[in-house]
Amino acid sequence: MQLKTMKQRFSIFMTALLFLPAFAGQAGAEKISNNVAVFAGLDKITARITSFEVRINETVQFGALQVTPRVCYNRPQNERPLTSGFVEVDEVLLNDELKRIFTGWMFASSPGLHAVEHPVFDVWLTSCKTVSGEAEAPSE
């Protein structure tokens, strides 16, 4: 267990080093806050990918996962693209309890970097948007 924790810490450290140069020159870059995060979800059993939208601070269930975005940012059209979101993902266990399996930043440009690791479902951030209508739940 300790080895896994050290491995996770090393992974977080290396991720920070990877993104540090990208953000160093963009300290003054404008970020746009959005009220909807757009995700893609993969059901590994059926090999079906579903796109779904979730309003910020609301929760949508995809399979056995509950996805809750807290913030979703992108940049203006005239700047280098960067879409990021802070997301919490819980797994609904067989006894209806929730188990937190992911809390952290997701980057649309690097979906494998901070994707949710689950035996049956994968979820990653694809974009952010601002809309006045209701967000769509995944259709399964």
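D96 lies in the loop between β6 and β7, where strands are DSSP runs of E with at least two residues and helices are runs of H or I with at least four, both numbered from the N terminus. The model is predicted, so local features need pLDDT of at least 70 and side-chain atom pairs count only at pLDDT 80 or more, whereas totals for chains, interfaces and linings use all residues. Residues are numbered from 1 along each chain as its sequence is written, and side-chain values use heavy atoms, with hydrogens and water left out.

D96 counts as exposed because its relative accessibility is 65%; exposed means over 50% relative accessible area, buried under 20%, and partly exposed in between (1.4 Å probe, protein chains only). Most residues other than glycine have a negative phi. The table lists two residues with a positive value.

| Residue | Loop | Phi |
|---|---|---|
| N57 | between β3 and β4 | near 70° |
| D96 | between β6 and β7 | near 65° |

The chain has 1 helix and 8 strands, and the helix precedes the strands in the order α-β-β-β-β-β-β-β-β from the N terminus. Of its 140 residues, 35% count as buried.

The largest nonpolar core has 19 residues, and F39, F52 and V123 have the most contacts inside it. Such a core is a set of buried Ala, Val, Leu, Ile, Met, Phe, Trp, Tyr and Cys residues joined through side-chain atoms within 4.5 Å. Strands that each supply at least two residues of this core include β2 (36–43), β3 (48–55) and β8 (121–129). The strand β8 gives the most, with 4 residues.
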